[in-house]
Amino acid sequence: MRRQVSLEEISDGRLYGKNDMVRTDCGGCRGCSSCCRGMGNSVILDPLDIYRLTVGLSCTFEGLMTDKIGLNVVDGVILPNLKMSAGDETCAFLDAAGRCSIHAQRPGICRLFPLGRFYPPAETGTEDSNLRGFRYFLQVHECPMPNKTKVKVSKWVDTPDLNRYEQFVNDWHYFLEHVQERVAQEADEEIRKINLLLLKLFYIKPYDNIGPYDERDFYRQFGERLAMAREVLDLA
Ligand code: SF4
Ligand code: SF4
């Protein structure tokens, strides 16, 4: 989700790469679960998040839709997000002890927090998403834990094959950006068709898990689906 705020207002003014040290380590959260509550629809799930959840929890997208995730429109495109309970706005995966019950399968946004991703504006980069990329920034007003210590960004993000993951994040982000630009110009019926295609292709259609859990399986399947979607939607 794009935020219409200046980086200066919400960050320490720095941009970080995966090999930089950043002050995010809150020592295992020590009883705090503040970022698992009151997040509204903001924890948006990408196709890898759904792969991790469906394969890791042995469930389907439809199963998650019963009480764990919801669908909302983000800049014209329907995307899934973690569901907060109606009463106390608690994430559906937070357990009674205030801990994440799906730590190994938690979504990318949860892995990052309180880091965010900053994508350079188009005019300062290039149209080639491989050359644009993103940087990390520290959201200084989000995590209330005092005396956080420094940790390497790559360790904090806690994701296997971080180079491949960053490529995936980049590909998905710029693909969505193209789709969002496209739907802004389309009539309602075409927007409905595009949204249905994306939901089915990237979220509802199961990702086959071949052999032991291995995210390389996902990246291969995602690459094929992305190429298919670009072709069907006639996107570069
Ligand atoms: S707000 Fe900070 S300390 Fe609290 S649960 Fe989130 S990351 Fe942990
Ligand atoms: S998935 Fe886990 S870490 Fe993420 S908001 Fe829910 S309980 Fe918190």
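**Group meeting: two ligand shells and the core of a predicted chain**

Let me begin with ligand 1, which is surrounded by Cys26, Cys29, Cys32, Ser33, Ser34, Cys35, Phe113, Cys143, Pro144 and Met145; a residue is near a molecule if its C-beta atom, placed from the backbone, lies within 6 Å of it. This is a predicted model, in which local features need pLDDT of at least 70 and side-chain atom pairs count only at pLDDT 80 or more, while totals for chains, interfaces and linings use all residues. Residues are numbered from 1 along each chain as its sequence is written, and chains are lettered from A and ligands numbered from 1 in the order in which they are written.

By class, the shell of ligand 1 holds eight nonpolar, two polar and no charged residues. Here Ala, Val, Leu, Ile, Met, Phe, Trp, Tyr, Cys and Pro count as nonpolar, Asp, Glu, Lys and Arg as charged, and the others, Gly among them, as polar. Around ligand 2 we find Cys36, Val43, Leu82, Cys91, Phe93, Leu94, Cys100, Ile102, Arg106, Pro107 and Cys110. That shell has ten nonpolar, no polar and one charged residues.

I turn to the fold. The chain has nine helices and six strands, taken as DSSP runs numbered from the N terminus (helices H or I, at least four residues; strands E, at least two). Of its 236 residues, 22% are buried, that is, with 20 or more other C-beta atoms within 10 Å of their own, these atoms being placed from the backbone.

The largest nonpolar core has 35 residues, and Val22 and Leu115 have the most contacts inside it. Such a core is a set of buried Ala, Val, Leu, Ile, Met, Phe, Trp, Tyr and Cys residues joined through C-beta atoms within 7 Å. Among the elements giving two or more residues to this core are helix 2 (47-56), helix 7 (162-183) and helix 9. Beyond its neighbours within four places in sequence, Val22 is in contact with Tyr16, Leu115, Leu138, Lys150, Val151, Val153 and Trp156; contact requires C-beta atoms, placed from the backbone, within 7 Å.

Helix 2 is mostly covered, with eight of its ten residues buried. The cover over those buried residues includes helix 3 (61-67), strand 3 (77-82) and helix 4. After helix 2 comes Ser58, with a positive phi near 50°.

Finally, helix 9 (residues 215-233) has 19 residues and should span 27 Å at 1.5 Å a residue, which agrees with the 26 Å between its end C-alpha atoms; the expected span is 1.5 Å times one less than the number of residues. Asp234 follows helix 9, and its phi is positive, near 55°.

Notes
A residue is buried if 20 or more other C-beta atoms lie within 10 Å of its own, exposed if 12 or fewer, and partly exposed in between; C-beta atoms are placed from the backbone. Two residues are in contact if their C-beta atoms, placed from the backbone, lie within 7 Å.
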